[in-house]
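The following paragraphs offer a guided reading of a protein model with its bound ligands. Please keep the sequence and the three-dimensional view at hand while reading.

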Amino acid sequence: MAKSPEEEHPQKAFGWAARDSSGVLSPFHFSRRENGEEDVTIKILYCGVCHSDLHIVKNDWGFTRFPVVPGHEIVGVVTKTGKNVKKFKVGDRVGVGVLVGSCKKCDSCQQDLENYCPQVIFTYNSLYHDGTITYGGYSDAVVVEECYVLRFPDNLPPDAGAPLLCAGITVYSPMKYYGMTEPGKHLGVAGLGGLGHVAVKFGKAFGLRVTVISTSPKKEDEAINRLGADAFLVSSDPAKMKVAMGTMDYIIDTVSAVHALAPLLGLLKLNGKLVTLGLPDKPLELPIFPLVLGRKLVGGSDVGGMKETQEMLDFCAEHGITADIELIRMENVNMAMERLAKSDVRYRFVIDVANSLSQ
Ligand code: NAP
Ligand code: ZN
């Protein structure tokens, strides 16, 4: 018979898990593997709350393995290193993002694109090499193979820097890959949540003109005065949307729910590019006429590889880019999830794990 999560590994662990698709999280005792020769053990300090965590606890995508401990924006301190570990020592501040394993042999892995490895192992809700389920960062500690651990730059704050490990790399990687970094070009950012607000900051750091496209008029003042956006469009305002038609070179679409792509495609200029990053539970409709008639491109992108994630963290350290966060205690995580579901987020919840995880 399979062992219980509490007995399958030698190290005791404690976190918060959702037991079913109600998505309600509650305290959960489980275990972590022994620290192997290539592994580091990390005491978790902070963990961001990504909308993917919400999709998973609600089983929106239909493949959640309950009980699930979410969390893939982890910042912590190394407490143990295996004898072959070279990059890290005890006391180092480190980050863990969306993935903790891959095959290391396929074309994607060879190109530092472990995130596209067909055998990628995600930080939670995946099967690890030993067949046990991975558990994420809403927990006291994690054991991770060294090559999936990131150096966390000294001058990045560990709480406001945590969301960079998913939200940050998820917007940085497509901006680089799709060539959306040419200074002076006009970027639209659809959805001003965790991913979206970091996209605004990268856009400004790359020298772009940035317009937020949002369903929440009350976010306008902050978008412009705090996050540095140049303009704000409320997507339900047809008159303003009409004026903005054909003015954007690129759009990053971070919307987490099913929505119409036609208005976004209409905002693009000839040869414009729309990159969709959101993962709604149902397919979106792709209108072909505006694509064909405007030689427009629609693409997707999934987080980023380890090398690029390190590059992104170093870029953020250099340019002073962090997330705008609401720091919460673990016992408030269900409230945070409820607010996230209502787009009531400014602009990432981060759990103060080490100071609030009591048994
Ligand atoms: P978030 O903080 O909840 O932000 C999403 C934003 O989308 C909301 O704040 C809201 O912005 C807008 N929105 C929500 N419902 C909407 C609706 N019905 N119509 C129009 N706009 C709506 O979420 P997040 O953490 O940024 O994640 C966004 C999506 O990206 C999620 O689906 C997540 O799973 C996915 N994701 C993908 C990757 C990847 O690698 N591709 C990585 C991480 C996350 P406004 O209030 O401004 O309208
Ligand atoms: Zn995420």
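A polar side-chain atom of serine 214 lies 2.6 Å from an oxygen atom of ligand 1. This distance, like every other value below, is computed from a predicted model. Two further polar contacts involve oxygen atoms of ligand 1. Leucine 192 takes part through its backbone, with an N or O atom 2.7 Å from a ligand oxygen. Aspartate 302 takes part through its side chain, where an N or O atom is 3.1 Å from an oxygen atom of ligand 1. In isolation, ligand 1 would expose 910 Å², of which the protein buries 91%.

The surroundings of ligand 1 can be described by element and by residue class. Two elements, H1 and helix H5 (194-205), each give two or more residues to the shell around ligand 1. The largest share is that of H1, with 3 residues. The shell is made up of 15 polar, 12 nonpolar and 3 charged residues. Among the 30 residues around ligand 1, those that come nearest are His51, Ser214, Thr215, Ser216 and Arg348. Serine 214, whose polar contact opened this description, is thus named again in that group.

Attention may now turn to the metal site. Which residues coordinate the zinc ion (ligand 2)? The donors are the SG atom of Cys50, the NE2 atom of His72 and the SG atom of Cys166, at 2.0 to 2.2 Å. Along the sequence, these donor residues follow the spacing C-x21-H-x93-C. Histidine 72 and cysteine 166 connect distant parts of the chain, being 94 residues apart. Histidine 72 sits in the loop between helix H1 (51-57) and strand S4 (74-81), whereas cysteine 166 belongs to the loop between helix H3 (158-161) and helix H4 (167-177).

Are these donors buried or exposed? Histidine 72 and cysteine 166 are both buried. Cysteine 50 also counts as buried, because its relative accessibility is 3%, below the 20% limit used for this class.

The remaining topic is the pairing of cysteines. A disulfide is a covalent bond between the sulfur atoms of two cysteines. How many disulfides does the structure hold? The number is 0. Cysteine 103 shows why a pair may fail to qualify: the closest cysteine sulfur, in cysteine 106, is 3.7 Å from its own sulfur, which is too far for a bond, given that a disulfide requires sulfur atoms within 2.5 Å. Cysteine 103 is itself buried, with a relative accessible area of 17%.

Notes. Residues are numbered from 1 along each chain as its sequence is written. Chains are lettered from A and ligands numbered from 1 in the order in which they are written. This is a predicted model: local features need pLDDT of at least 70, side-chain atom pairs count only at pLDDT 80 or more; totals for chains, interfaces and linings use all residues. Side-chain values use heavy atoms; hydrogens and water are left out. Donors are N, O and S atoms within 2.8 Å of the metal (3.2 Å for Na, K and Ca); water is not among the atoms, so sites may look incomplete. Helices (H or I, at least four residues) and strands (E, at least two) are DSSP runs, numbered from the N terminus. Buried means under 20% relative accessible area, exposed over 50%, partly exposed in between (1.4 Å probe, protein chains only). A residue is near a molecule or strand if one of its heavy atoms lies within 4 Å of it. A polar contact is a pair of N or O atoms within 3.5 Å; within protein, one must be able to donate a hydrogen and the other to accept it, and residues adjacent in sequence count only if both atoms are side-chain atoms. Accessible areas come from the Shrake-Rupley method with a 1.4 Å probe; for residues, only the protein chains shown count as cover. Ala, Val, Leu, Ile, Met, Phe, Trp, Tyr, Cys and Pro count as nonpolar, Asp, Glu, Lys and Arg as charged, and the others, Gly among them, as polar.
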